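Please look over the structure below with its descriptive terms in mind, and ask of each term what justifies it.

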Amino acid sequence: MKSSPGRLKSDRTQSMLKIINVVGARPNFMKVAPIMEAMKRRKREFTPLLVHTGQHYDADMSDTFFRDLDLPEPDIHLGVGSAPREEQIDAVAERFEPVIAREQPDWVIVVGDVNSTLACARAAKKLATKVAHVEAGLRSYDSSMPEEANRVETDQIADLLFTPSTDADNNLRAESIPPGRIRLVGNVMIDSLYQHLERSRQSPIRDQLGLTEKSYAVLTLHRPSNVDDPLAFGRILVALETITEKLPVVFPVHPRTRKTMATLGLSERIAKMKGLRLIEPLGYLDFLSLYSSARLLLTDSGGIQEETTVLGIPCLTLRENTERPITVTMGTNKIVGTDTARIIGAREA
Ligand code: UD1
């Protein structure tokens, strides 16, 4: 564990802000990368530290992203690993508190809606340290999603709420959050997308998979409500059996999904689906290269709904709701749930 010297707040010049940026899980890395980079450019104003909670720890869920996004090595790694939600949140908070106490940051910045986001916001609040939330205000209004619980509580706790879009501002106002805490700043994940799009074209992934532009679809699936539930997973598979007859589907498999495929006894059935190509999770540049040339995305991810909208690629969201409604009203996204006929119908429409 690398640690930087803890300089007390009182030692620092007034204009210099010491910031702890937190990353924990895969969707955090592309949001924090442009923030770290901007802070590093403005050396006189910011001393940024990077803390990795270790929620995601596999090389292809974490390390690859540091390389692809030019993220500096974390200053501090909490090494928390997998656990059920509340346990994981408590473990992250417990390990993060001494870091705050030692480093005495002016601000802790958390991004997104993963368990590490809420855990670090809670720890900062407990130690009376200011916390800012990037990607604040998104709401699916689906209380069964752990991410929704993480969003709502993080936004209640945070002193400063950086929102990506006006619908997020409206959601926060509806929760009686004072407008003085809300700042509409736009979407940092899309900043990363634009920054890396050109570089991603050098990725060999499409050649390696023998795929030509717009001749395939990409599938990502990892929400507990889809992959831990045999009925939902089964309905999606039936739809895929039809879709793959006409359009090959490439499926980078998330570790959670890989595990449940085995425990639910679905591995053999999936292996028999000729048009469905299972591959390991991809790094940022390879994945960007793959989906930016796809004809269609099928996903239960949040971020991919926005990324496909920006690139103008049709996206079918395999969930009953979205916290990113702007991708439906202004973008390419269709919310199709997990009903087999609805998925197939939307694909053919
Ligand atoms: C987490 C986020 C989700 C995000 C997703 C992206 C929460 C509540 N969920 O979901 O919002 O969209 O990351 O990937 O924070 N595992 C590994 N290796 C890893 C990481 C996880 O094998 O590097 C396995 C573990 O068995 C773990 C399971 O995957 O139990 C789930 O990991 P976890 O971080 O709890 O949630 P995700 O489903 O990845």
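The questions and answers that follow set computed values against the definitions of the terms.

This is a predicted model, in which local features need pLDDT of at least 70 and side-chain atom pairs count only at pLDDT 80 or more, while totals for chains, interfaces and linings use all residues. Residues are numbered from 1 along each chain as its sequence is written, and side-chain values use heavy atoms, with hydrogens and water left out.

Q: Why are H4 and H5 called roughly parallel to each other?
A: The axes of helix H4 (residues 115-126) and helix H5 (residues 146-157) cross at roughly 25° and come within 9 Å. Angles under 35 degrees count as roughly parallel, and H4 and H5 are therefore described in that way.

Q: What makes H10 roughly parallel to H16?
A: Helix H10 (residues 230-246) packs against helix H16 (residues 340-348) at an angle of about 30°, with the axes 8 Å apart. That angle makes H10 roughly parallel to H16.

Q: Which residues of H4 meet which residues of H5?
A: Contact means heavy atoms within 4.5 Å, and Asn115, Thr117, Leu118, Ala121, Arg122 and Lys125 in H4 meet Asn150, Glu153, Thr154 and Ile157 in H5. The residues of this contact divide into three nonpolar, four polar and three charged.

Q: What makes the approach of histidine 56 to the ligand a polar contact?
A: A polar contact is a pair of N or O atoms within 3.5 Å (within protein, one must be able to donate a hydrogen and the other to accept it, and residues adjacent in sequence count only if both atoms are side-chain atoms). An N or O atom in the side chain of histidine 56 is 2.7 Å from an oxygen atom of the ligand.

Definitions and conventions. Axes fitted to C-alpha atoms, helices over the stretch in contact; angles between N-to-C directions. Helix = DSSP H or I, 4+ residues; strand = E, 2+ residues; numbered from the N terminus. Parallel < 35°, antiparallel > 145°, perpendicular 65-115°, else oblique. Nonpolar A, V, L, I, M, F, W, Y, C, P; charged D, E, K, R; others polar.
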